[in-house]
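Trainee: Could you take me through a single part of this model in detail, namely the place where the two chains meet? I would like one connected account that I can follow with the coordinates open.

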Amino acid sequence: MSAAETTTAKAPAVRHAPPPGPGAGPTAGKQSGRQDGGRRGPGAGVPWLLLAPCLTVLVLVLGYPLVRLVALSFQKFGQPQLWGFQEAENVGLENFTRILGDGEFWAVVLRTVVFAGGAVILTMVLGMLIALLLQRVSPWVKALISIVLVASWGMPIIVATAIFKWLFDADYGVLNWLIDKLPGVEMIGHNWFASGPQGLAVIMLLVVWGAVPFVVITLSAGLTQVPKELEEAARLDGAGAWGVFRFVTLPILKPIIVMLTTLSVIWDMGVFPQVYVMRNGHPEPEFQVLTTYSFDKAFVVNDYGTGSAIALVTVFLLLGAVAVYMRQMLKIGEVE
Amino acid sequence: MGLLVFVTLGFPVYWMVNTAFKPAKDAIDPDPHFFPSTFTLENFRRALEIADFWGPVGRSLVVSLVVVIIGIAVGMLAALAISRFAFRGRKIVIVGILAVQMVPLVAMIIPVFLLLNDLGQYDRLTGLIITYLTFILPFTVWTLRGFIVNIPRELEEAAMVDGCTRTGAFVRVVFPLLAPGMVATSVYGFIQAWNEYLYALMLMSQQNQTATVWLGNFITKNGTEYAPMMAGSTMMAVPIVILFLLVQRKMAAGLTAGAVKG
């Protein structure tokens with residue numbers, strides 16, 4: 001936050017006072033609405049006028065479905081309701097009590113939390129390590145790594161999923177072949193997706209591979225903001241490499257780290273195509289995460305009510321996880 | 001160390017390209033080759049043959065372009081409002097637009113599906129465009145705001161002192177400075193819309209599938225045809241990665257400005 005910005009934000013009415021006098025020509029009427037601080041004048045509506053299209057679209061394309069989602073989760077809504085043969089029936093909390101009382105649902109919740117948590121931690125740690133490494137390597141190695149980072153960042157998720165499927169293919173995957181080369185290891189034909197935990201670990205790798213570049217590039221940008229003098233000073237005071245990182249670098253990067261972690265939590269809890277495509281559109285029970293589970297309930301079993309209830313529980317789980325970030329956002333709203 | 005990171009991160013991409021140019025029988029050789037023994041375009045021909053390629057690509061193109069045009073036009077006005085005006089309720093709008101991005105797409109798919117079904121927009125490109133706005137619009141507002149915040153207000157003020165109206169100052173001074181940011185935001189938004197999978201899968205039938213869903217055609221009941229699939233992947237990824245390469249620096253700047261500067 002630059003000082004200039006803070007001041008302008010605090011005193012817009014003064015700095016953008018309307019030019020006195022009516023002599024602004026024929027467009028005066030229209031232009032008078034363009035003043036920042038015209039809180040009392042006809043200009044007060046201008047920002048809202050500018051916002052109107054955006055807010056309208058958002059309310060229509062987002063607000064309405066959200067309301068519908070909540071309504072659905074309290075309804076019995078299946079095939080007959082979809083085709084309009086039957087009215088949707090309100091069943092109160094039935095959908096929720098059913099899923100919350102279902103052991104399978106809790107297994108899915110636990111799996112999702114472990115999966116997303118693992119992916120987030122791995123992404124952040126690897127991202128930080130690579131960002132730190134990038135500061136140290138020679139320029140041409142740095143350039144090489146940057147190209148690779150951008151290439152994997154820009155890779156469509158669906159393409160990345162296809163590639164990983166190919167790498168981990170049981171019979172012809174290059175990974176099995178490579179591991180097989182190690183002495184005493186028999187890996188050809190090993191099916192990574194025969195077991196849930198192993199298969200999900202592969203999917204986690206895929207998610208992390210796709211997420212690391214964004215984290216590295218953002219953290220690298222952040223690292224350039226760390227004043228060299230501070231690091232020098234810490235070193236002179238006898239801090240080791242870890243000490244400098246822990247007490248100088250980390251605190252300065254904290255806002256960026258919090259933002260990246262929050263975004264990662266949101267993205268990794270919402271992982272869908274990776275699981276869906278890796279399992280050819282039919283994830284086995286031990287591969288189900290909340291997103292695919294909700295999707296299956298809604299579109300495979302045609303129980304839209306329960307599917308919505310699961311989706312809603314997911315949203316609340318997420319809100320809980322990112323509550324910290326929400327508070328920070330509110331603070332941002334205040335300082336501006 | 002650096003080279004190790006380079007190799008590990010880059011390998012999946014390399015393996016895709018490598019497989020794409022290999023003869024199909026080499027792809028399923030139990031002893032994989034790290035370079036194609038013979039360089040062939042056969043897989044690309046095969047990829048185009050397995051399923052209609054240009055139809056899905058055309059549809060993706062139309063959807064992504066329209067979404068970006070609407071997103072930029074509408075998002076620009078909103079970004080301007082929250083970055084250049086002080087008004088009551090501004091905080092709520094900012095937090096609201098940010099919070100909207102946290103709603104996972106998957107949670108929305110059920111009501112969106114039912115809604116489009118009711119409106120008769122299921123399996124229509126317009127329906128897809130409307131739904132894509134849910135994630136493109138907040139993103140556009142937020143990044144454009146990041147770019148606008150970086151343009152000093154003093155420039156506008158100077159122009160107004162010189163006799164420009166507020167709108168005039170914006171059009172003549174801010175707009176040209178914002179242009180690179182707008183291009184970057186458009187390209188980035190385009191890529192996001194292009195890459196979307198879930199909605200495209202759910203809201204469009206087989207006849208109207210988009211490019212991302214098209215890739216699924218290589219997975220058949222008799223297994224996956226990897227060599228053509230990698231060729232298809234290459235065709236889908238290369239243009240996107242190149243676009244990405246062109247704007248990512250700019251984008252990173254805009255995103256960090258948006259995140260750090262309030």
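Mentor: What follows goes from the interface as a whole to its polar pairs and then to one pair of helices. Please keep in mind throughout that this is a predicted model.

The size of an interface is often given as the accessible area lost when the parts come together. Here chain A and chain B bury about 8700 Å² between them, and 79% of that area lies on carbon and sulfur atoms. In terms of residues, 91 from chain A are in contact with 99 from chain B.

Against that background, the rule finds one salt bridge across the interface of chain A and chain B, while the count over all chains comes to seven. The bridge between the chains is formed by the side chains of B:Asp118 and A:Arg68, at 3.2 Å from N to O. B:Asp118 belongs to helix H6 (residues 105-119) of chain B and A:Arg68 to helix H4 of chain A, so this pair joins two chains. As for polar contacts between chain A and chain B, four residue pairs are counted, with both residues at pLDDT 80 or more. Helix H4 (residues 46-73) of chain A also supplies the largest share of the side of chain A that touches chain B, namely 17 residues. Sorted by class, that side of chain A has 67 nonpolar, 13 polar and 11 charged residues.

For the partner, it helps to place the elements of chain B before looking at one of them. Chain B has 12 helices and two strands, and along the sequence its pattern is α-α-α-α-α-α-α-α-α-α-α-β-β-α. Its C-alpha atoms fill a box of roughly 70 × 55 × 30 Å along the principal axes.

Now to the pair of helices. Two packed helices are described by the angle between their axes and the distance between the axes. The axes of helix H9 (residues 157-167) of chain A and helix H1 (residues 2-20) of chain B come within 10 Å and cross at roughly 80°. Since angles of 65 to 115 degrees count as roughly perpendicular, H9(A) and H1(B) are therefore described as roughly perpendicular to each other. On the H9(A) side the contact is made by A:Val159, A:Ile163, A:Phe164, A:Trp166 and A:Leu167, which meet B:Phe11, B:Pro12, B:Trp15, B:Met16 and B:Thr19 in H1(B). The residues of this contact divide into nine nonpolar, one polar and no charged.

Key
Residues are numbered from 1 along each chain as its sequence is written. Chains are lettered from A and ligands numbered from 1 in the order in which they are written. Side-chain values use heavy atoms; hydrogens and water are left out. Axes are lines fitted to C-alpha atoms, for helices over the stretch in contact, and angles run from 0 to 180 degrees between N-to-C directions. Helices (H or I, at least four residues) and strands (E, at least two) are DSSP runs, numbered from the N terminus. Angles under 35 degrees count as roughly parallel, over 145 as roughly antiparallel, 65 to 115 as roughly perpendicular and the rest as oblique. Contact means heavy atoms within 4.5 Å. Ala, Val, Leu, Ile, Met, Phe, Trp, Tyr, Cys and Pro count as nonpolar, Asp, Glu, Lys and Arg as charged, and the others, Gly among them, as polar. Buried area is the accessible area (1.4 Å probe) that two parts lose on being put together, summed over both. A salt bridge is a side-chain nitrogen of Lys or Arg within 4 Å of a carboxyl oxygen of Asp or Glu. A polar contact is a pair of N or O atoms within 3.5 Å; within protein, one must be able to donate a hydrogen and the other to accept it, and residues adjacent in sequence count only if both atoms are side-chain atoms.
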